[in-house]
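Here are a few notes to help you find your way around this structure. Keep the 3D view open as you read, and take the points in order.

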Amino acid sequence: MTEKTEIVVGKDETLKKRHIGTGTFVATERMRELINEALDSGRIAYGPLSQQFERDFSGLHGCKYGILSNSGTSSLHVALQALKEIHNWDDWDEVIVPSLTFVATINIVFHNRMKPVFVDVEPQTYGIDAALMNLAVTERTRAVIPVHLFGQITICNCFFR
Ligand SMILES: Cc1ncc(COP(=O)(O)O)c(C=O)c1O
């Protein structure tokens, strides 16, 4: 990647731009404080800190509820499962996924008895190619999972209804 991506983070922190590395991680003082707070609380399973996080996170996204999960995989799994149930999608209905992503994107589609349909990505963002995606839409397409890789935002102009 030749260009660095910048994002603006934080509600309570001073708004500042940060570079997102790939495969690197720097724990800030604040992160260390929070981890110590959790360790000192004597509770590392679901509890008050988790519930506070759910409230803060859902508030940041303008949502009434937020549910904390143990991993990205289980979050994706539950999200698709909920959509399938709410909208009454059939087994093996289609979910469009980028051809460049982590394997969890595909696993959770299979785990929900749905069919992943691969669409190539754009070389600039590594995100799903919107034009190709629209060509992949069929009568059985129910959802798209546009993965934002390496801190790059996928510009996903989706025309399907
Ligand atoms: C794009 C993407 N989706 C999902 C996951 C799965 O996250 P987790 O390892 O927390 O289950 C990863 C993990 O690297 C990922 O890169």
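1. Gly62, which comes just after helix H2, has a positive phi of about 65°. Please bear in mind, here and below, that you are looking at a predicted model.

2. Helix H2 itself covers residues 48–60. What span should its 13 residues have at 1.5 Å a residue? The expected value is 18 Å, and the end C-alpha atoms of H2 are 18 Å apart, so the two agree.

3. Next, turn to the sheet. It is open, has three strands in the order S4-S3-S5, and its pairing is parallel. S4 and S5 (141–144) are the edge strands, each pairing on one side only. From one strand to the next, the twist averages 35°.

4. Look at each pairing in turn. Strand S3 (residues 94–98) is joined to strand S4 (residues 115–119) by five bridges, and the two run parallel. To find the register, start from Ile96, which stands opposite Val117 in S4. S3 also pairs with S5, again in the parallel sense, over three bridges. There you will see Glu94 opposite Thr141 in S5. As a reminder, strands of a sheet pair through backbone hydrogen bonds, either parallel or antiparallel.

5. Helix H4 (residues 104–111) belongs with two of these strands: S3, H4 and S4 form a β-α-β unit that is right-handed. H4 lies across S3 and S4, and runs at about 170° to S3.

6. Finally, which residues surround the ligand? They are Ser71, Gly72, Thr73, Thr101, Phe102, Ala104, Thr105 and Val147. At least two residues of this shell come from helix H3 (72–87), and at least two from H4. By character, the shell has five polar residues, three nonpolar and no charged ones. H4 is thus a good place to end your tour, since this helix both supplies part of the shell and lies across S3 and S4.

Definitions and conventions: Residues numbered from 1 in each chain as written. Predicted model: local features only at pLDDT ≥ 70, side-chain atom pairs only at ≥ 80, totals over all residues. Helix = DSSP H or I, 4+ residues; strand = E, 2+ residues; numbered from the N terminus. Expected span 1.5 Å × (residues − 1). Pairing = 2+ DSSP bridges. Right-handed = clockwise from strand over helix to strand, strands pointing away. Near = placed C-beta within 6 Å. Nonpolar A, V, L, I, M, F, W, Y, C, P; charged D, E, K, R; others polar. Axes fitted to C-alpha atoms, helices over the stretch in contact; angles between N-to-C directions. Contact = placed C-beta atoms within 7 Å.
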